[in-house]
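Please look over the sequence and the model that follow. The questions after them ask why certain terms apply, and each answer sets a value against its definition.

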Amino acid sequence: MAKQIKNTSRHIYLPIILAVVLVTGMFVGRITAPLGQGDSSRRLLMYPESGKLQTIINLIDEQYVDSVDTDKLVDNVIPEILEKLDPHSVYIPPRNLEAANQELEGNFGGIGVEFSMQNDTVMVISVVSGGPSEKVGILPGDRIITVNDTVIAGVGMPTNDVVGMLRGDIGTKVNVGIKRRNRDKLIDFEITRGNIPLYSVDVAYMIDDSIGYIKVNRFARNTYQELLSGLARLKADNCRHIIMDLRGNSGGYLDIAISMVNEFLDKGDMIVYTEGVHSPRQEVHANGSGSCKNTDITVLIDEFSASASEIFAGAMQDNDRGVVVGRRSFGKGLVQQQFPLPAGGALRLTVARYYTPSGRCIQKPYDNGVEDYYRDIIYRYEHGEFFNRDSININDSLVYKTIGGRKVYGGGGIMPDVFVARDTSNHTDYYYNLRESGVIYQFALDYSDKNRNELSEFETVEQLEAYLDRQPIGDMLVSFANRKDVKYNASEYQISKELIVNETKAYIARNILDNEGFYPIIRKHDEVLNKALEVIRSGAADSILHVDSAQASEVSESTADATEPNI
């Protein structure tokens with residue numbers, strides 16, 4: 001077991017100071033002195049005590065037997081230092097900074113297409129509406145053969161290299177050669193790169209006459225505005241209950257999560273508070289301006305919902321505002337702030353912990369090291385937590401109360417109000433082979449491409465699915481899989497057939513109608529979403545959120561006020 005890290009200013013900040021010294025490469029005065037009376041020609045370089053690591057780097061650079069890339073050496077050392085703090089304090093090298101920021105800033109300079117590498121060729125899956133590629137006439141199904149006279153098809157070019165060639169500064173130009181079905185010659189296009197949004201709200205649609213569904217994949221800079229647009233569409237369709245799906249959402253900006261929570265809480269309700277040794281407690285309360293204060297809400301989470309997702313779910317749960325459905329969340333209760341570094345790159349440093357309104361810090365322990373921290377998900381699976389609520393190790397000493405008196409627990413992740421086990425009854429080796437080999441996705445793309453003209457005539461997912469139901473999708477997929485060396489297993493196919501065919505139809509629908517086609521079809525085998533619908537339609541949500549006084553009094557004042565250990 002790794003030695004526990006003491007949370008003192010010396011132990012925390014000394015490594016950081018040393019890391020910053022390494023990164024900035026600060027210039028220090030040198031003092032030269034004779035090495036000895038017998039060797040006055042050699043001199044010893046002396047550095048101030050505060051620059052030990054810089055001294056070492058300089059000595060290696062100037063005296064080491066071989067040539068050394070000290071910049072690379074520094075980049076390798078800094079992560080080692082930060083790992084001694086917590087799993088989420090990280091150094092971002094200059095070469096990775098732009099990509100890291102783009103993920104959360106929500107846009108980049110590019111040509112505006114989504115593509116897939118199909119048979120070593122870039123196939124355009126969809127074109128951003130109003131984007132640079134649409135403006136010049138590029139269509140779904142087009143193959144990109146050349147970029148600036150460089151052939152990228154059939155040469156084994158890595159996807160990242162393709163992305164690097166197509167992305168670039170806004171306003172710059174790139175020439176692409178397109179192969180279009182039924183055209184013998186390449187079509188040349190000159191595209192002026194534009195600002196391409198990275199959408200974080202995958203879909204917002206009505207499941208039935210009263211229940212709306214919103215899927216949020218991260219909390220990026222533009223997520224709040226996307227959410228408002230989605231909520232407006234749902235409200236226009238008389239939505240009375242919203243399902244907010246945060247499964248697989250690993251988090252993002254704290255302020256964006258706060259703005260999103262604010263839409264659902266009454267004025268004065270606490271959203272979250274943060275606190276650290278050098279960050280005084282800061283409480284955030286709803287301002288009462290939210291557009292959905294009177295709209296019921298259910299939140300979906302799973303083991304990959306983290307950070308900002310847990311802030312959202314925790315605020316809904318602790319304020320008895322909405323029911324949380326799914327499985328225990330990841331357990332990340334640390335707040336990072338990004339500091340730019342003079343030599344390039346940045347330091348994302350943990351500066352505080354966040355706490356849900358009831359006082360829970362849901363950060364899971366990390367004193368056994370980074371590897372053990374991230375393997376926690378595997379441990380949960382092996383322990384049976386994904387399949388049985390009773391397998392979850394709940395720390396009974398960390399009991400808190402919602403504003404209505406319901407019991408909630410700290411110690412690692414948000415525990416859902418309604419637990420939903422993973423359903424693997426129709427999962428077989430044949431199904432896993434189809435998925436892991438990418439055959440289902442490849443077949444859906446191939447089928448969509450060959451039948452694009454006919455499929456594009458359907459304007460709604462209902463029309464498209466009705467058409468697909470009349471096609472022998474399952475038999476066609478099996479034949480395609482055989483050609484891809486995925487051996488057919490008749491008995492296992494019958495067990496998984498309904499799941500396999502439904503998933504295939506969902507991917508075909510995504511290629512034609514984007515996520516508005518995918519999610520309505522895939523939800524037929526979504527046990528968490530279907531359980532949430534059952535809870536809503538049965539009226540069980542109200543009974544979950546409103547406990548009687550006897551149950552509320554079971555949580556003693558001494559227990560409710562418990563503070564968590566400093567982890």
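Q: What makes a set of grid points a pocket, and how is its volume defined?
A: A pocket is an open set of points with protein on both sides within 12 Å along at least five of seven lines. Its volume is the space filled by probe spheres set on the points. In this predicted model, the second largest pocket has a volume of about 940 Å³.

Q: Which residues line the second largest pocket, and which lie nearest its centre?
A: Lining residues have an atom within 4 Å of a point of the pocket, and 30 residues line the second largest one. Arg247, Arg435, His525, Asp526 and Glu527 lie nearest its centre. Two or more lining residues come from each of strand E13 (211–216), helix H12 (429–436), helix H17 (490–513), helix H18 (515–522) and helix H19 (527–538). H17 supplies the largest share, four residues.

Q: How many residues of each class does the lining of the second largest pocket have?
A: Asp, Glu, Lys and Arg count as charged, and the lining has 14 charged residues. It also has 11 nonpolar and five polar residues.

Q: What secondary structure does the protein have, and what percentage of its residues is buried?
A: The secondary structure comes to 22 helices and 23 strands. Of the 567 residues, 49% are buried, a term that requires a relative accessible area under 20%. The accessible surface comes to about 28,200 Å², and carbon and sulfur atoms hold 48% of that area.

Q: What percentage of the contacts with a separation of 6 or more joins residues 24 or more positions apart?
A: A contact means heavy atoms within 4.5 Å. Among the contacts with a separation of 6 or more, 69% are between residues 24 or more positions apart.

Q: Why is helix H9 called largely enclosed by the rest of the structure?
A: Helix H9 covers residues 308–318, and 11 of its 11 residues are buried, so the helix is largely enclosed by the rest of the structure. Among these buried residues are Glu310, Gln317 and Asp318, as well as Ile311, Phe312 and Met316. Aspartate 320 follows H9 and has a positive phi, near 50 degrees.

Q: Why is cysteine 239 said to be in no disulfide?
A: A disulfide is a pair of cysteine sulfur atoms within 2.5 Å. The nearest cysteine sulfur to that of cysteine 239 belongs to cysteine 292 and is 7.8 Å away, and cysteine 239 is in no disulfide. By this rule the count for the model is zero disulfides.

Q: Are cysteine 239 and cysteine 361 buried or exposed?
A: The cut-off for buried is under 20% relative accessible area. Cysteine 239 has 8% and is therefore buried; cysteine 361 has 3% and is therefore buried as well.

Q: Why is isoleucine 301 called buried, and what does it touch?
A: Isoleucine 301 lies in strand E17 (residues 296–301). Its relative accessibility is 1%, so it counts as buried. Leaving aside residues up to four places away in sequence, isoleucine 301 touches Arg247, Ala313, Val324, Val325, Gly326, Arg327, Ser329 and Ile414. Isoleucine 301 and glycine 248 are 53 residues apart in sequence, with 7.6 Å between their C-alpha atoms.

Q: Is leucine 341 buried or exposed?
A: Leucine 341 is placed in the loop between strand E19 (334–340) and strand E20 (346–355). At 12% relative accessibility, leucine 341 counts as buried. Its C-alpha atom is 9.9 Å from that of tyrosine 91, 250 residues apart along the chain.

Q: Why is aspartate 149 called exposed?
A: Exposed means over 50% relative accessible area. Aspartate 149 has 77% relative accessibility and therefore counts as exposed. It belongs to the loop between strand E7 (143–147) and strand E8 (150–151). Its phi is near 70 degrees, a positive value in a residue other than glycine.

Q: Are aspartate 485 and lysine 487 buried or exposed?
A: Aspartate 485 has 73% relative accessibility, so it counts as exposed. Lysine 487 has a relative accessible area of 74% and is therefore exposed. Aspartate 485 lies in the loop between helix H16 (473–483) and H17, and lysine 487 is placed in the loop between H16 and H17. Aspartate 485 has a positive phi of about 65 degrees although it is not a glycine. Lysine 487 touches Tyr430 and Asn482, not counting residues up to four places away in sequence.

Notes
Residues are numbered from 1 along each chain as its sequence is written. This is a predicted model: local features need pLDDT of at least 70, side-chain atom pairs count only at pLDDT 80 or more; totals for chains, interfaces and linings use all residues. Side-chain values use heavy atoms; hydrogens and water are left out. Buried means under 20% relative accessible area, exposed over 50%, partly exposed in between (1.4 Å probe, protein chains only). Accessible areas come from the Shrake-Rupley method with a 1.4 Å probe; for residues, only the protein chains shown count as cover. On a 1 Å grid over the protein atoms alone, a cavity is a set of points where a 1.4 Å probe fits but cannot get out, and a pocket is an open set with protein on both sides within 12 Å along at least five of seven lines; lining residues have an atom within 4 Å of a point.
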